[in-house]
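Let's take a walk through this protein together, one piece at a time. Have the sequence and the 3D view ready.

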Amino acid sequence: MKLYLIITSFLIVQFSFAQEVSNTSVAKIWSLEESITYALENNITVKDASLNTNIAEVNYDKAKSSRLPNLFGSASQNFSNGNSIDPITSDFVSDQIYSTNVGINSSMTLFQGNQINNDIKQRELLLEQSSFIEEVAKNNIVVSILETYLQSLYSKESISIAENNLSASEKEVLRAKARLDAGEIALNDYTEAQSQTATNKYQVIAAKNNYQQNIIVLKQLLELPPTQEMEVETIDKNIDLINLELNKMTIYNNALGHLPEIKASSLNIAVNEKELDIAKGGYLPTLSLTGSMGTGYTSIRDNTFLDQFNLNFNQRIGLSLNIPIFNKNQTKAAISTATINIKKAQIQKQNSEKEIYRKVETAYQNALSTQEQVIAAEASKAAAEQSFNLAQKKYELGALSTTDLVISQNTYTNAQQNYLQAKYLNILYHQLLQFYQGNDIKL
């Protein structure tokens, strides 16, 4: 019994130690580049797009195989009674007949209005288009990673601002309590300091929650398990302001030549043009080559089973020509549909170009705006910081009320948040403009 208690106590201690190590494990720090690389390999949206490309490749191989002849084997065993025709001799008999037939058949399309060749070319275009659509899916994930990562960095720095404000307000409460005890301020000044501290505590909690919410979104983009902890890598807080070096139309033209949306749209036009060629082939005749070999056995004849297989062996080869005369306007309807789809594909390409221009124009204007906002916000932050420092000194000397100190602190906090927001928006829009031109995203 004593040994049992010793072993149980040892296991409990080991389990507690393991739990403590698990709870205190350090979360992995992810850089932006590492996050993008990992997401492109593991995100399920990208995997789904890759599988669609695989399907297009299978369909392309299937289309190429349509040029090949088919080959079928057949075998049958029959019994008939009464008046019938012998399936081997073709004689009219009135008897019980046991018969066996085996054979192989093959056919090959020699010409089908050039539809086979056009279908192969269309499947090749669809395969190429699928690869560009896969690139679109990857680009969307990269942009989502960039936006969420920068939002996480913004939230992370907001935590520091909120914690610094909380620390300052806690010191102000201590000073207010000392001044209240000394009879230098009224009770409402002290309670206002306490209220500001409570508000700052709430801001810390809210900032941490915002950060965790962004981390959740980032983990889902990376397809990380819920139990895995992660942190984003902090960038240089003194990063220089990014200035535009290219004009808007240069960026737009570079984007048109790089982004896969345009290439996919152009291929969509070519795909529908091939569909029109396939439809037109319905007006042309089809020429096929057929062949077969077979043999059989019948109980009417006196020869043995193997002898009949040798004697009844036959071979056939032939050509068949099918000329379309009238198919209830199915070919005409297919041609009209393909023609309409070509026009729709052309419109879709125009929409893709418009959408890319909208993205470039929006990012460009926002980049210009954030450049000015960063400069203005930085000046405002510096002035608000200086004003808050002076307000704290005046408060310590009793020359400033708690209300005025709180106002000064809130002004400084807002200036810090405005600068932080402008800085990360400046980074975001400049990175987007680089990405639209095919350049790598780097922080």
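How many bridges join β2 and strand β5 (residues 97-112) where they pair? The two strands pair in the antiparallel sense over eleven bridges; pairing here requires that DSSP finds at least two bridges between two strands. Strands (E, at least two residues) and helices (H or I, at least four) are DSSP runs, numbered from the N terminus. Before going further, please keep in mind that this is a predicted model, in which local features need pLDDT of at least 70 and side-chain atom pairs count only at pLDDT 80 or more, while totals for chains, interfaces and linings use all residues. Residues are numbered from 1 along each chain as its sequence is written, and side-chain values use heavy atoms, with hydrogens and water left out.

Back to the strands. Within the β2 and β5 pairing, Ala 75 has Val 102 of β5 as its bridge partner. Both strands belong to an open sheet of four, ordered β2-β5-β7-β8, with antiparallel pairing. β2 (70-80) and β8 each have a single partner strand, so these two edge strands are left with one side lacking a neighbour in the sheet. On average, neighbouring strands of this sheet are turned by 20° against each other, direction ignored.

At the β8 end, strand β7 (residues 286-298) and β8 pair in the antiparallel sense over nine bridges. Here Gly 291 stands opposite Ile 317 in β8. Strand β8 (residues 314-322) is hardly covered: of its nine residues, zero are buried, where buried means under 20% relative accessible area (1.4 Å probe, protein chains only).

For a contrasting spot, find Ala 338 in helix α9 (residues 330-396). Ala 338 counts as buried because its relative accessibility is 1%. Leaving aside residues up to four places away in sequence, Ala 338 touches Asn 272, Glu 275 and Leu 276, with contact meaning heavy atoms within 4.5 Å.

Now to a pair of helices. The axes of helix α5 (residues 187-222) and helix α10 (residues 402-436) come within 9 Å and cross at roughly 20°; axes are lines fitted to C-alpha atoms over the stretch in contact, and angles run from 0 to 180 degrees between N-to-C directions. That crossing angle makes α5 roughly parallel to α10, a label for angles under 35 degrees. On the α5 side, the contact is made by Asp 189, Glu 192, Ala 193, Gln 196 and Asn 200, and on the α10 side by Thr 402, Thr 403, Val 406, Gln 409 and Asn 410.

Conventions: Parallel < 35°, antiparallel > 145°, perpendicular 65-115°, else oblique. Buried < 20%, exposed > 50% of the residue type's maximum accessible area, 1.4 Å probe, protein only.
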